[in-house]
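Visitor: I would love a close look at one part of this protein, the place where its helices pack against one another. Could you walk me through it slowly, with the residues named as we go?

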Amino acid sequence: MSDTDLWTTERLLTTAARLTENAWNERLLAIGITHASFITLRSIEAHGPLSQVDLAEHLHVTAQTVGRTLVRLEQQGLLLRQSSEYDRRTFRVSLTQLGRMRLAEAERHEREFMLDLHRASPELRPLLMELIEDLLPTRRQAENNTAGQPDRNA
């Protein structure tokens, strides 16, 4: 029996996440960003200029956590933070041309990494997607809200 046979599910998940994050960071080191930077850049590109709070929601992290990443990306010239025209306390975040170029490089690394993982375990991705959906707070809350209600189809 290996040590991992005795681990809790939570420990298995956090260890897998940490190992994956470390592998990502090693791959992305060559282009000067971290995995957190990569997913932040991708989210900004996908959703357009965003406030820090909205970006944090998309990333499922706190605004403070994403704030540290935004500072580093801004210092690298990969994004711009501009005051909102409606609320001067709120900043809108958008990619620079250099940010778009760095994101494209990171996406090339991602394709290689995904091929490596897929070859290792093609059934892993669907399992992870299902697990993440089950763990998302909004889904759990919705299920809890309907758990006590009578079945209307009965």
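Guide: Here is a walk through the helix packing, with a few neighbouring spots added along the way.

Please keep in mind that this is a predicted model. To get our bearings, the protein chain has seven helices and three strands. Followed along the sequence, these elements come in the pattern α-α-β-α-α-β-β-α-α-α. Of the 154 residues in the protein chain, 25% count as buried. Among contacts in the protein chain with a separation of 6 or more, 47% are between residues 24 or more positions apart.

Let's begin with H1 and H2. Their axes are 8 Å apart, and the two helices pack at an angle of about 80 degrees. An angle of 65 to 115 degrees counts as roughly perpendicular, and H1 and H2 are therefore roughly perpendicular to each other. On the H1 side you will find Glu 21, Trp 24, Asn 25 and Leu 28, which meet His 35, Ala 36 and Phe 38 in H2. By type, the residues of this contact of H1 with H2 divide into four nonpolar, two polar and one charged.

Two of those residues deserve a pause. A search of the whole structure finds one aromatic pair, and the partners are Trp 24 and Phe 38. Their rings lie 5.3 Å apart, centre to centre, with 35 degrees between the planes, an arrangement classed as tilted. Trp 24 belongs to helix H1 (residues 9–28) and Phe 38 to helix H2 (residues 35–47), so the pair, whose members are 14 residues apart, links distant parts of the chain. Both Trp 24 and Phe 38 are buried. Next comes the contact of H2 with H4. These two helices pack at an angle of about 90 degrees, with 10 Å between their axes. That makes H2 roughly perpendicular to H4. H2 contributes Ala 36, Ser 37, Thr 40, Leu 41 and Ile 44, while H4 contributes Val 66, Thr 69, Leu 70 and Leu 73. This contact of H2 with H4 holds six nonpolar residues, three polar and no charged. Ala 36 is a residue you have already met, as part of the contact of H1 with H2.

H4 has a further partner in H3. The axes of helix H3 (residues 52–59) and helix H4 (residues 63–75) come within 9 Å and cross at roughly 105 degrees. H3 and H4 are therefore roughly perpendicular to each other. From H3, the residues Gln 52, Val 53, Leu 55, Ala 56 and Leu 59 meet Ala 63, Gln 64, Val 66, Gly 67 and Leu 70 of H4. Seven of the residues in this contact of H3 with H4 are nonpolar, three are polar and none is charged. Val 66 and Leu 70 of H4 appear here, and both are also listed in the contact with H2.

Gly 67 is worth a closer look. This glycine is found in helix H4, and at 9% relative accessibility Gly 67 counts as buried. Between the C-alpha atoms of Gly 67 and Ala 56 the separation is 8.6 Å, and the two residues are eleven residues apart along the chain.

Now turn to the loop between H3 and H4, where you will find His 60. The phi angle of His 60 is near 60 degrees, a positive value in a residue other than glycine. With 60% relative accessibility, His 60 counts as exposed.

Another histidine, His 58, is found in helix H3. At 37% relative accessibility, His 58 counts as partly exposed. Setting aside neighbours within four places in sequence, His 58 is in contact with Ser 43, His 47 and Leu 50. Measuring from C-alpha to C-alpha, His 58 and His 47 are 8.9 Å apart in space, and they are eleven residues apart in sequence.

Finally, step over to strand E1 (residues 50–51), where Ser 51 has its place. Ser 51 counts as buried, at 8% relative accessibility. Not counting residues up to four places away in sequence, Ser 51 touches Thr 90, Phe 91 and Arg 92. Phe 91 has a charged companion too: Arg 81 lies over the face of the Phe 91 ring, at 5.9 Å from the ring centre.

Notes. Residues are numbered from 1 along each chain as its sequence is written. This is a predicted model: local features need pLDDT of at least 70, side-chain atom pairs count only at pLDDT 80 or more; totals for chains, interfaces and linings use all residues. Side-chain values use heavy atoms; hydrogens and water are left out. Axes are lines fitted to C-alpha atoms, for helices over the stretch in contact, and angles run from 0 to 180 degrees between N-to-C directions. Helices (H or I, at least four residues) and strands (E, at least two) are DSSP runs, numbered from the N terminus. Angles under 35 degrees count as roughly parallel, over 145 as roughly antiparallel, 65 to 115 as roughly perpendicular and the rest as oblique. Contact means heavy atoms within 4.5 Å. Ala, Val, Leu, Ile, Met, Phe, Trp, Tyr, Cys and Pro count as nonpolar, Asp, Glu, Lys and Arg as charged, and the others, Gly among them, as polar. Buried means under 20% relative accessible area, exposed over 50%, partly exposed in between (1.4 Å probe, protein chains only). Rings of Phe, Tyr and Trp (its six-membered ring) pair if their centres lie within 6.5 Å; planes under 30 degrees apart count as stacked, over 60 as edge-to-face and the rest as tilted. A charge sits over a ring if NZ of Lys or CZ of Arg is within 6 Å of the ring centre and within 35 degrees of the ring normal.
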